[in-house]
Amino acid sequence: MLFGRDDKRDPGRPTETVPLLPLRDIIVFPHQVVPLFVGREKSIAALKEAMAHKGPDDKASIFLAAQKKAKTNDPGVDDIYAFGTLGHVIQLLPLPDGTVKVLVEGVKRARVRRFVRGDQPDRGEPAQQYFVVEVEEVEEQSEKTVELEALVRSVHSVFEAFVKLNKRIPPEMLMQVASIDDPARLADTIAVQLSLKLNDRQALLETENAAKRLEKLYELMQGEIEILQVEKKIRTRVKKQMEKTQKEYYLNEQMQAIQKELGERDEFKNEVQEIEEKLRTKRMSKEATLKVKKELKKLRMMSPMSAEATVVRNYIDWILSLPWYEETRDRLDVAEAERVLDEDHYGLKKAKERILEYLAVQALVQKLKGPILCFVGPPGVGKTSLARSIARATGRKFVRLSLGGVRDEAEIRGHRRTYIGAMPGKLIQSLKKAGSNNPVFLLDEVDKMSTDFRGDPSSALLEVLDPEQNNTFNDHYLDCDYDLSKVMFICTANTMHNIPGPLQDRMEVIRIAGYTEMEKLSIARRYLIPKEKEANGLSDVEVSLTREAIRTIIHRYTRESGVRSLEREIASVFRKVARDVLKNGKRPVRVDRKMVMKYLGVPRYRFGEVEREDQVGIVTGLAWTEMGGELLTTEATVMPGKGKLIITGKLGEVMQESAQAAMSYVRSRADRFGIDRRFAETCDIHIHLPEGAIPKDGPSAGVTMATALVSALAKIPVRRDVAMTGEITLRGRVLPIGGLKEKTLAAHRAGMKTVLIPKENRKDLRDIPKKIRDQLRIVAVEYVDDVLREALLLEKPEEFFRKPSPEPEQVTSAPPATA
């Protein structure tokens, strides 16, 4: 008999030979009714064979076992679990597509004893041959004990809690499970309701002891309950947040409806529409346009009252308000530009020539990167006002950024948007203020920047002032590139040594020296007097200052390279005149030298009055400062002692070394100068530079100190109308120095007649105005002997210099000054 029950083989465990139906991803438990869709030919043949051989009870038996791998289309003996469920086919319904729908019911657990057919397909059996297996039923092991009863109750309780949390299980199932007392059936019924993996379901099916199955189910349900509780918390929290958002949305919609009823505008929507309109009409870089579109998309999704919306709106406003492609047309008329520059400023020839050259090239090339100029000179010479005049001459907008005391790099590059209150750097702010991308941009006092823990602003300027890089300047706030290549950058500084080397390398330096007396006189008459006359309300009063009055102010009340103090003193004179006008009526006023001294009081400086007499050991030197050139008096005195050299006057290390070099030179030439060789053993020498509170340094006072030492040791007076500058060597050579123009102007202001300069500095004389050169006797010297011959008041020079030396070269033709 191929199909049917066989109770003779093992009376204890009845067996049955039935077709096998392999299942994919499903386990059928006893007492479970489940519909299946069957498409494989072997499986359909097995079902048909089962329906054809029904038992005495008119039921078609079949063995339901799961495949180990669901993807296997033609499973073999080893691909099917040996433990399964013996079931009945309740209904078989063929479908139009050739598949069948079958309703099966699990009856008992069973185990495959052997494969009767289908285990050896190579014997020539047909391809659609199904499996026929001999199975033995598995008896349930469940002895009713108190412990089992307690376990059943616990499982009931946990399942009830599980059903309340898991909405996928219908509540009717809870009533059905509650009516089951049999432990085995209870375990199988609950196992069907749990979402378990195939391996876990197979393990439950193969567990013959009902108590053990209940324990496993209890553990699994406890774990599922914990997960479901966490999921419930998450759902509750998300639901509350959604309810809050929906509430805010609802209230906002209500507010908008109320505003609409009252006739008020929807500000936020109008603002977004305005931004969209600006974005359509504004011409920007591609990167900036994408940034604005991205931020605008975020803004639409935000609540208008949120803080983040305000930050986004500010960012969009900044980008849209910048002049990306807006520019002014340059005035390329070189003659007109020259007229404007001359109208605003007197002198400053080099700076004006450079601007006119730029305009000339611009007219020819049509496209030129903006120059980066640096005006270096003492205060008050017109550096800042010249930049403003350049903007007027070229027809460009003018913006000014003062860098004095700036310590934070963010002042240049801006703050990142992560910070509260972040803004772009001062460069971008100034360009927004200018409204064009090609203004004249003045970086004032670039030498006054400093560094601290917030960064180095001078390093941030390296990108700004580099023509090869500034077309992609990236501000931290904007976070997109901005083109600065069309901007004409002009920097101002008093000195160069405070500016880092890499920054100096990026700038074209134009040095502006101090003004001469004639230039100051012209500036006062052409610019300062009309300006102060109008500022003090004297436009309709006939007030004039005589030439001598202006000279008196320049000589006796100011001592500077620029004209700032001169302007203040002229303003003071006009204030006094204004007071007299109110007292005496609007009568013509002519201010002469005596009235100037009456208005301004006691003169502050002496002019044209050098030392009253020629003195021993006192020499007039020349020094360069940030304010321009200055006189530097050097004193030397000899005292009994043991050869000690005392140097005072707050001198720097370089100047102290110059004094030692001068001392060594004098000692080595003592015989030549008629000085006792033993002075280094019997005398102490003190060198002092007055104004001891002011630091002094540099090598250019070497010839001054050497002359003072020779004068003091030889007891020979020094001519009071001679000024000198130059570095010396131990061999007595005079080396070149810097700042010759400023030093020469200082000597002229002080009324000196003769100026001694190093021979190698003759090339710098062309920078000195011709009028100054004509009024001074400038002598180029190569050796200290030449300096002494010019400076010392010698009755018989040939006796003083025992060994003759070549005559010094006289550069200018002014007559020599008398002692």
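The following questions and answers concern helix packing and one sheet in a predicted model.

In this predicted model, local features need pLDDT of at least 70 and side-chain atom pairs count only at pLDDT 80 or more, while totals for chains, interfaces and linings use all residues. Residues are numbered from 1 along each chain as its sequence is written, and side-chain values use heavy atoms, with hydrogens and water left out.

Me: How are α2 and α3 oriented to each other?
Reply: The axes of α2 (residues 146-165) and α3 (residues 171-178) come within 10 Å and cross at roughly 175°. Axes are lines fitted to C-alpha atoms, for helices over the stretch in contact, and angles run from 0 to 180 degrees between N-to-C directions. Angles over 145 degrees count as roughly antiparallel. The two helices, α2 and α3, are therefore roughly antiparallel.

Me: Which residues of α3 meet α2?
Reply: Contact means heavy atoms within 4.5 Å. From α2, the participants are H156, F159, E160 and V163. Their partners in α3 are M173, L174, V177 and A178.

Me: Which strands stand at the edges of the open sheet β9-β10-β13-β8-β14?
Reply: Five strands form this open sheet with parallel pairing, where two strands pair if DSSP finds at least two bridges between them. Each edge strand has a single partner, so one side of each is left without a neighbour in the sheet. The edge strands are β9 (398-402) and β14 (508-511).

Me: Which residue in β13 stands opposite F375?
Reply: Strands β8 (residues 372-376) and β13 (residues 488-493) pair in the parallel sense over five bridges. Opposite F375 stands T492.

Methods: Helix = DSSP H or I, 4+ residues; strand = E, 2+ residues; numbered from the N terminus. Parallel < 35°, antiparallel > 145°, perpendicular 65-115°, else oblique.
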